[in-house]
Amino acid sequence: MDLPPCEILPDNITAFCRTVISRHSANWPPNENVLAEEIVDFFGIGPFLTLETLVQLCRDHLRIPVSFIELPTELRGYNCSYGNKREIVVSQHQTFPGADQHTLLHELREILEATFEGLGHPIVNRRELEGFAESFAISVQMAVAERELPNLFQNAAEIERKWWRITAYVLLGVGGLAYLLGCALRPYLEDVFASEELRQRNLHT
């Protein structure tokens, strides 16, 4: 399962981490919401966050290749770093829509932490990193959505017919709320679906 990580060039990850340190050194460490806002700003992520957008970010800006392969059911993804090489691997088999991009963000957060450590500014100790990486993945997705919603509402405001305009407001409100709740609940839902899938598999063996 060992994959050859891609050698990276002078490093946008380090540049990003140095920028975060310079902005927040007086109040270190920043929380995951702050870190998510910083990465969205630094790399101009948006307006709609997709798996393809994240893969392109990793490949073109961070020089981190992303691979999708079969992994054991309990393993959604992993990352590896060796010298100046990095790699992210995501399971092809995801139990919930959007789980692949959540997993990719989770693994990226772990790589960021290694970089912060190397710069002498760790944010969290390794024992707690898993939970922080989950929060980061949620926060990035929510940050992108929260920035885009005002633009969508502005577009809706330009609809001339009153009832079409009201309908657009309602749909945007309900859809936006559903998306934000989905982001927040996704780790829990992934665990529920994974547990049920494992139970079904055990029943058939």
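Okay, so let's start with the whole chain: it has 205 residues, and 40% of them count as buried. Before I go on, please keep in mind that this is a predicted model.

Sticking with the overall picture for a second, the surface that the protein chain exposes comes to about 11600 Å². Carbon and sulfur atoms supply 57% of that.

What's the chain built from? We've got 6 helices and 4 strands. If you walk along from the N terminus, the order goes β-α-α-α-β-β-β-α-α-α. So you meet one strand, then three helices, then three strands, then three helices again.

Now, contacts. If you take the ones between residues at least 6 apart in sequence, 63% of them join residues at least 24 apart.

Okay, let's zoom in on one helix pair, α3 and α4. Helix α3 covers residues 51-61, and helix α4 covers residues 99-118. Their axes sit 9 Å apart, and the two helices pack at an angle of about 25 degrees. Anything under 35 degrees counts as roughly parallel, and therefore that's what we call α3 and α4 relative to each other. As for the handedness, α3 passes α4 in a left-handed crossing.

Which residues actually meet there? On the α3 side you'll find L51, L54, V55 and C58, and on the α4 side they meet D100, Q101, L104 and L105. Sorted by type, the residues of this contact come out as 6 nonpolar, 1 polar and 1 charged.

Right, that's my tour, thanks everyone.

Conventions
Residues are numbered from 1 along each chain as its sequence is written. This is a predicted model: local features need pLDDT of at least 70, side-chain atom pairs count only at pLDDT 80 or more; totals for chains, interfaces and linings use all residues. Side-chain values use heavy atoms; hydrogens and water are left out. Axes are lines fitted to C-alpha atoms, for helices over the stretch in contact, and angles run from 0 to 180 degrees between N-to-C directions. Angles under 35 degrees count as roughly parallel, over 145 as roughly antiparallel, 65 to 115 as roughly perpendicular and the rest as oblique. A crossing is left-handed if the near helix is turned anticlockwise from the far one by less than a right angle, and right-handed if clockwise. Contact means heavy atoms within 4.5 Å. Ala, Val, Leu, Ile, Met, Phe, Trp, Tyr, Cys and Pro count as nonpolar, Asp, Glu, Lys and Arg as charged, and the others, Gly among them, as polar. Buried means under 20% relative accessible area, exposed over 50%, partly exposed in between (1.4 Å probe, protein chains only). Accessible areas come from the Shrake-Rupley method with a 1.4 Å probe; for residues, only the protein chains shown count as cover.
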